[in-house]
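Here is a walk through one protein model, written for someone who would rather look at residues than read tables. Keep the viewer open and follow along.

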Amino acid sequence: MTRKQRRLYFVLLGMLALAAATALVLTAVGDGMVYFYTPADLKTKHVGPDRRLRIGGLVEQGSVVKDGKTVRFVITDLTATVPAVYTGVLPDLFREGQGVVAEGKLDAAGVFQASEVLAKHDEKYMPKEVSEALKKSGQWQGEGTKK
């Protein structure tokens, strides 16, 4: 094997190693991503039942039902709604009519099984994604987002 062939062999081997490392990184990043949806998005897009996602919107008035540590509520973007179930301790600021972002999975019946619920931290705060989705639908009446 000549020096030129050896050099070409090592360059090709290096490029193959770089491609394998890139593929591994992209696979790891893709598995860890959690996508944000509004209730209206869930009606138009197909989301698999085992996919982790975040749903943001408002807690619908009159929808919160507590049964011990299990809470059932409805998330709305004032266009569409998604029923949700959460078992655990809710944030102190969780209440009807307020902004919420829930992370979890959508089951086969269309009920969102939340593993984490985040509530707004003051009367002017709305998560950026939620306020943008509400503004896009023409339903948002607030002053804007706080960063």
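## Starting at Ala40

Let's begin with Ala40, which counts as partly exposed because its relative accessible area is 22%, and the cut-off for buried is under 20%. Bear in mind that what you are looking at is a predicted model. Ala40 sits in helix 2. Setting aside neighbours within four places in sequence, Ala40 makes contact with Asp77, Thr79 and Ala80.

Now find Ala133. In sequence, Ala40 and Ala133 are 93 residues apart, yet their C-alpha atoms are 9.1 Å apart in space.

## Next door: Thr38

Step back along the chain to Thr38, in the loop between strand 1 (35–37) and helix 2 (39–44). Is Thr38 buried or exposed? It is buried, with a relative accessible area of 4%.

What does Thr38 touch, once residues up to four places away in sequence are left out? The answer is Gly56, Asp77 and Ala133. Two of those names should ring a bell: Asp77 is also among the contacts of Ala40, and Ala133 is the residue whose C-alpha lies 9.1 Å from that of Ala40.

## The overall layout

Time to zoom out. The protein has three helices and seven strands. Reading from the N terminus, the order of elements is α-β-α-β-β-β-β-β-β-α.

Of the 147 residues, 31% count as buried. The protein exposes about 9,700 Å², and carbon and sulfur atoms supply 56% of that area. As for contacts with a separation of 6 or more, 49% of them come from residues 24 or more positions apart.

## A small salt-bridge network

How many salt bridges does a search of the whole structure find? It turns up two. In one, Arg52 pairs with Glu103, with the closest N and O atoms 2.9 Å apart. That pair ties together distant parts of the chain: Arg52 is in strand 2 (residues 52–59) and Glu103 is in strand 6 (residues 99–106), 51 residues apart.

Glu103 also forms a salt bridge with Arg54, and here the closest N and O atoms are 3.1 Å apart. This pair again links distant parts of the chain, strand 6 for Glu103 and strand 2 for Arg54, 49 residues apart. Through shared partners, Arg52, Arg54 and Glu103 join into one network. Glu103 has 12% relative accessibility, so it counts as buried. Arg52 counts as partly exposed at 31%, and Arg54 is partly exposed as well, at 33%.

## Phe112 and its neighbours

Phe112 lies in strand 7 (residues 112–119). At 0% relative accessibility, Phe112 counts as buried. Leaving out neighbours within four places in sequence, its contacts include Leu53 and Ile55, then Val82, Pro83, Ala84 and Val85, and also Ala102, Gly104, Lys105 and Leu106. Glu103 is on that list too, so click back to the salt-bridge network, where Glu103 pairs with both Arg52 and Arg54.

For another long-range pair, look at Phe112 and Tyr86. They are 26 residues apart in sequence and 8.6 Å apart in space, C-alpha to C-alpha.

## An odd backbone angle at Leu78

Most residues other than glycine have a negative phi. Leu78 has a positive phi of about 70 degrees, although it is not a glycine.

Where is Leu78? It lies in the loop between strand 4 (70–76) and strand 5 (81–87). Leu78 is partly exposed, with a relative accessible area of 42%.

## Two surface patches on the way out

Finally, go to the start of the chain. Arg3, Lys4, Arg6 and Arg7 gather in a surface patch of positive charge. Arg7 belongs to helix 1 (residues 3–32) and counts as exposed, at 52% relative accessibility.

A nonpolar surface patch is made of Leu8, Val11, Leu12 and Met15, which together have about 400 Å² of accessible area. Leu8 is found in helix 1. With a relative accessible area of 51%, Leu8 is exposed, because the cut-off for exposed is over 50%.

Definitions and conventions. Residues are numbered from 1 along each chain as its sequence is written. This is a predicted model: local features need pLDDT of at least 70, side-chain atom pairs count only at pLDDT 80 or more; totals for chains, interfaces and linings use all residues. Side-chain values use heavy atoms; hydrogens and water are left out. Patches are made of residues with over 30% relative accessible area and no salt bridge: like charges are joined within 9 Å, nonpolar side chains (Val, Leu, Ile, Met, Phe, Trp, Tyr) within 5 Å. Accessible areas come from the Shrake-Rupley method with a 1.4 Å probe; for residues, only the protein chains shown count as cover. A salt bridge is a side-chain nitrogen of Lys or Arg within 4 Å of a carboxyl oxygen of Asp or Glu. Lys and Arg count as positive and Asp and Glu as negative; His and the chain ends are not counted. The place of a charge is taken as NZ of Lys, CZ of Arg, CG of Asp or CD of Glu. Helices (H or I, at least four residues) and strands (E, at least two) are DSSP runs, numbered from the N terminus. Buried means under 20% relative accessible area, exposed over 50%, partly exposed in between (1.4 Å probe, protein chains only). Contact means heavy atoms within 4.5 Å.
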